[in-house]
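Biologist: I have not worked with this protein model before, and I would like to go through it slowly, one region at a time. Could we begin as soon as it is on the screen?

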Amino acid sequence: MKKISWSMIVLLMALWIFGGFSSEVVADSQIKLVLDEKDVTSLGMPIVENDKVLVPIESIAKKLGAKVVLNDKDNTIKIEKNGKLTILKINSHLVLYQNQEKTYDLSDIPTKRINNRVFVSLDLCRNVLGVGVEWDKDNKIVRIDSSKKEDIRPFSDVKILSVETGQTITGKTSLKISLSEDGLNNAKEIKYLLLDPQTAKGFVVARGKDLTATYNWLPDLQEKGERILVAGIYDGNGNFLAGDAILVNLDVVPEVYLTGIEEGKILDDTVSIGTDANFVASYVKYEITNLDTGKKTLSAESDPQGMYKWTPMIKENGNYSFRAIAYDSLDNSYSSETITVKIEVQQKLELGGVSEGQTIDKPVVLSTLRNFDVSETEYVLRDLNTGKEESLKKFGYGNYRWFPEPEYSGPKELLVRVKDTKERTHESEGIKVNVKGEPKILLEGVGPKQVLTKDVQLKITSNVKLDSVDYILIKSNTGQKKIIASKQSPSAICTYTPVQKDAGNWSMKAIGMYDGKKIESEEIPIRVYLGKIYGPKPIIEKDKFMGLASDLAKKSWEKTGMSAALQTAQAILETGWGQSAPVDKYSGKKSLNLFGIKGKGTAGSVTSNTWEVYNGKTFRVDASFRAYNNVGESWADHKDLLLKGDRYEPFREVMHNSTEGAWALKRAGYATDPQYALKLMKLIKLYNLQELDKIGI
């Protein structure tokens, strides 16, 4: 081992005393600090960090007679020299120059505190003190010349174009920057931030990959007064490269406009209306008033970016007023002006459940689409060859499940005939179909790939009158048959109780006797399992889940730009606070799947329940859900799904905002629950999760 020289020991001690160490600091020999040709390294030795030289600003400023106030409470350092006040925020690029007016800029390197000394870049030192500052790289000397007067120079050529310094923001605002033709070599993304001047923290209000594109900013009504608007350019790893910052004043006057209809128009069909607000609305409602009767109808909470549809009945014809009501994050309401129109819909009667040219070889559900009240509904079948009509079903109103019998085979026409409340008869246009009327039997009570763990109730539906029915199991690998029930009444319900020796994979079918012949249903693959079934298991204690989820969300937010508040709320909602993540129902293996994503993950998959529909009935089947080695992998996989999936492209445009992002997820079909976006927003509000989205620069 080499011996350490005394000179090396002295150097190491000097680094520790004057500059300190950090994981990014590089210093292969002592750097001198020279002020007006005098060695003042004892004030604090400069350091090199990522090829940038940093100097101890506090010591230098005091030596030059500046007034320096270091405030540990708000983490700032104020330097006043020659009537000019500069305020620096520790661990931030933000710089405030205050003379006659406030001017903000973003420094090349954030102001740092190392071993109780405040360090800044050479360029920032020059701007703050207004003196000459040079780096003699060959001799490793920082030279400061107080006799050389320097003006403040901007750190980059990035310039906010669409908003002026001191501008009052009253609503929706366009954001755009200018950038030199050379641009920035590693630039990948632009973020527009709105920061509180007191804390230098705030929220992303717009972002994108196209640096010089125009972006729309919808203000939050809770943001009021002076704010700092920042345009920051970042590399692919989220590191700040350059930017601009200006002071603006937020004084939003809420404005809401109803879209989709015009004053005084006559409407004769479904009414589609929307909302245009100049602020971020949490949800909207629509008020529809019948001006002839005074009756008011208020819709449920709706997507501010979606369309609301209202299909009036004939009896509702008349004069109406419409208005949109938008609600902010505190549930304060703001209304649009009312728009008055006249509704004059014409009578509409259509047959639903079948389509022109359809081949019918199984049951269909016939329905009536109408916009007037009826006292009687009749579904009618017309033979296209003979013109003969037959009433399939006559009753008050409702749907009718029709399973055509063999004698109906051939080209037919279906229609619906109704009587209105004045006993006047109305008839829909006919729909031509081809009826394939073969004798058929359908087995009901189980569905394909269903796992039977307890009794099931079996029954049949047929388009012919059966004499009797047998229910049979067929072993999948051997073809072995087991009769569940024999010679049952076609109208009776058969109960199948699985026993242990039935365990395994089977097919189930029904065989009916008709006119001395056998009619067999489709074979439905099922599995009998009577072992232990494992249910969902907690990932972590419920009271610790918030900490786990918010920590993962915060890290993901910094990396991807996706709202941490929204991520956390989704995890809470999808897992019931981490208490109901999927496990393998047969082995108990945990999936650590926080978002219920199906398929194969980094640790394979687990088998759990999902829902399917067969013959109009809903039942549970086994499905594979992704499994992970840890919750971090699950979290990353979910973000990968949202960041790469084509269907989530509209979500990615607004994913920095938890409210707009929640509605975008709903529109993209992430969940079928109509209340999904509202539930996410409720969690965010209840647990103040929006604080997770606060960011500095």
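Modeller: This is a predicted model, and a place to begin is N688, which lies just after helix α9 and takes a positive phi.

Biologist: What is the approximate phi of N688, just after α9?

Modeller: Residue N688 comes just after the helix α9, which spans residues 676-686. The phi of N688 is positive, and its value is about 55°.

Biologist: Which elements do the buried residues of α9 pack against?

Modeller: The buried residues of this helix are Y676, A677, L678, L680, M681, L683 and I684. As a general point, an α-helix has 3.6 residues a turn, so residues three or four places apart point the same way. In this model, the buried residues of α9 pack against three elements, namely β27 (283-290), α5 (564-575) and α8 (658-667).

Biologist: How many residues are in the largest nonpolar core?

Modeller: The residues with the most contacts inside that core are L193, I228, V230, W635, F651, Y670 and I697. Taken as a whole, the largest nonpolar core has 63 residues. Its largest share, 7 residues, comes from helix α9.

Biologist: Which residues does I228 touch, leaving aside those up to four places away in sequence?

Modeller: I228 is among the residues with the most contacts inside the largest nonpolar core. With residues up to four places away in sequence left aside, I228 touches L94, Y104, L193, L194, L195, P197, A245, I246 and L247.

Biologist: How many residues does the other core have, the one that includes V68 and V118?

Modeller: That core lies apart from the largest one, and C125 and V128 are also among its residues. C125 counts as buried because its relative accessible area is 0%, and the core as a whole has 31 residues.

Biologist: How many disulfides does a search of the whole structure find?

Modeller: In general, a disulfide is a covalent bond between the sulfur atoms of two cysteines. The model does contain cysteines, including C125, with a relative accessible area of 0%, and C494, which is buried at 4%. The search covers the whole structure, and the number of disulfides found is 0.

Biologist: Is D637 buried or exposed, and which side chain makes a polar contact with its side chain?

Modeller: D637 has its place in helix α6, residues 631-644. Its relative accessible area is 18%, and because the cut-off for buried is under 20%, D637 is buried. Beyond residues up to four places away in sequence, D637 touches R626 and Y628. The polar contact, at 2.7 Å, is with the side chain of R626.

Biologist: In the open sheet with the order β33-β35-β38, which strands are at the edges?

Modeller: This sheet has 3 strands with antiparallel pairing, and its neighbouring strands are turned by 25° against each other on average, direction ignored. Between β33 and β35 (residues 364-370) there are 4 bridges, and L349 has R370 as its bridge partner in β35. The strands that pair on one side only, and so are the edge strands, are β33 (349-352) and β38 (400-402).

Biologist: Turning to the open sheet β42-β44-β47, which residue of β44 is the bridge partner of I441?

Modeller: Here too the 3 strands pair antiparallel, with β42 (441-444) and β47 (494-496) at the edges and a twist that averages 30° from one strand to the next. There are 4 bridges between β42 and β44, which covers residues 456-462. Within β44, the bridge partner of I441 is S462.

Methods. Residues numbered from 1 in each chain as written. Predicted model: local features only at pLDDT ≥ 70, side-chain atom pairs only at ≥ 80, totals over all residues. Heavy atoms only, no water. Pairing = 2+ DSSP bridges. Helix = DSSP H or I, 4+ residues; strand = E, 2+ residues; numbered from the N terminus. Axes fitted to C-alpha atoms, helices over the stretch in contact; angles between N-to-C directions. Core = buried A, V, L, I, M, F, W, Y, C linked by side-chain atoms within 4.5 Å. Buried < 20%, exposed > 50% of the residue type's maximum accessible area, 1.4 Å probe, protein only. Contact = heavy atoms within 4.5 Å. Disulfide = S-S within 2.5 Å. Polar contact = N/O pair within 3.5 Å; in protein donor to acceptor, adjacent residues only side chain to side chain.
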